[in-house]
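I opened the notebook to look up a few side chains, a pair of helices and some backbone angles. The entries follow in the order I made them.

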Amino acid sequence: MLQVKAPSTVMVDERKLAYDEVSPSNPKGTVLLLTGLGSKRLGWYKQLDEFGKYYRTIALDHRDTGDSDYVTEPYAIKDQAEDAATVLVTLGISKAHVIGISMGGFVALELALRYPALVDKLVLTATSAGGSPHVAAGPEIQAMLLQRSAGTDLGELAKRTYTHIMGPGYAQSHAEEMEHVADIARYKPQKVEGYYRQLQACAGHDASKRLSQIASPTLVVHGDADPLVPPQNGQYLAQHIEGAKLVMYPNTGHIPIVEKAVEYNRDVLAFLSS
């Protein structure tokens, strides 16, 4: 059974944004974790405690997800970046290492471009610059993203989705992990309209022509078998962000934070302390 502790919250424009925080007594800095489309802060279950041994580590629920408030109007990735910036400023954090996966990577890019002084190091995981250079998923995967309707068991949907977007054979050989993924999806299940607002924001993401402006030291992490955000997208980011380092995991799909958690945590922590 999934044990979820009550989150901390920040008010942004009269909206509640929820987050979990783990910190050692003498942190080396702050880490902000930004999750992907349809996901919540709980998706960082293999990172929060581990990073929290060394850094003040904050895992955020985006608007429209988890314990954060829903909105009614459409929004863009830049608005989610504004949310993240406001959380940092409200919590008195002048600079943070920002780690994003998938849609969270879009938000992390936008945050680094709009608020360079707030972003120390940047970790872009299974994500894309968007725009015309973006290499899209195949039609089957794209169609799967649109399969949301009221009354769907989000746990079963999450298992089915993850089975398709993780590396070959991962889901079949990690049944316990998949049940945990399902439990997370069933906690504060995302409303259909909230999911589609997020999807619409993702569709408008384009940082491709501004990558040269990113001043933060950047690590790009990608799976070479990612069917949702194909690996060419990670390669593009690494080639166009000055000084960026690329780590490509073999036989790994779209969720390296779970599929390759040990390696991911090791590589990210090494990058942050380098």
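**Entry 1: a side chain and its partners.** I began with Asp-67, in what is a predicted model. Its side chain makes a polar contact of 2.6 Å with the side chain of Tyr-187. I found a further polar contact, at 2.5 Å, between the side chains of Asp-67 and Lys-188.

I then asked where Asp-67 sits along the chain. It lies in the loop that runs between strand S4 (56–60) and H2. Is Asp-67 buried or exposed? Its relative accessibility is 9%, and the cut-off for buried is under 20%, so I wrote it down as buried. Leaving out residues up to four places away in sequence, I listed what Asp-67 touches, including Pro-7, Lys-16, Ala-18, Arg-41 and Asp-61.

**Entry 2: two positive phi values.** I noted beforehand that most residues other than glycine have a negative phi. Lys-188, the partner of Asp-67 in one polar contact, has a positive phi of about 45° and is not a glycine. I placed Lys-188 in the loop between helix H7 (175–186) and helix H8 (192–203). Its relative accessible area is 41%, so I entered Lys-188 as partly exposed.

Asp-13 also has a positive phi, near 50°, and is likewise not a glycine. It belongs to the loop between strand S1 (8–12) and strand S2 (15–22). At 67% relative accessibility, I counted Asp-13 as exposed.

**Entry 3: helix H2.** I checked the length of H2 next. With 14 residues at 1.5 Å a residue, H2 should span 20 Å, and its end C-alpha atoms are 20 Å apart, so the two figures agree. Which residues of H2 are buried? I found Ile-77, Gln-80, Ala-81, Asp-83, Ala-84, Ala-85, Val-87 and Leu-88. I kept in mind that residues three or four places apart in an α-helix point the same way, because there are 3.6 residues a turn. After H2 comes Gly-92, with a positive phi near 75°.

**Entry 4: H2 against H3.** How do H2 and H3 pack? Helix H2 (residues 77–90) and helix H3 (residues 103–114) have axes 8 Å apart, at an angle of about 70°. That angle is why I wrote "roughly perpendicular" for the pair. On the H2 side, the residues in contact are Ile-77, Lys-78, Gln-80, Ala-81, Glu-82, Ala-84 and Ala-85. On the H3 side, they are Met-103, Phe-106, Val-107, Glu-110, Leu-111 and Arg-114. I sorted the residues of this contact into eight nonpolar, four charged and one polar.

Methods: Residues numbered from 1 in each chain as written. Predicted model: local features only at pLDDT ≥ 70, side-chain atom pairs only at ≥ 80, totals over all residues. Heavy atoms only, no water. Axes fitted to C-alpha atoms, helices over the stretch in contact; angles between N-to-C directions. Helix = DSSP H or I, 4+ residues; strand = E, 2+ residues; numbered from the N terminus. Parallel < 35°, antiparallel > 145°, perpendicular 65-115°, else oblique. Contact = heavy atoms within 4.5 Å. Nonpolar A, V, L, I, M, F, W, Y, C, P; charged D, E, K, R; others polar. Expected span 1.5 Å × (residues − 1). Buried < 20%, exposed > 50% of the residue type's maximum accessible area, 1.4 Å probe, protein only. Polar contact = N/O pair within 3.5 Å; in protein donor to acceptor, adjacent residues only side chain to side chain.
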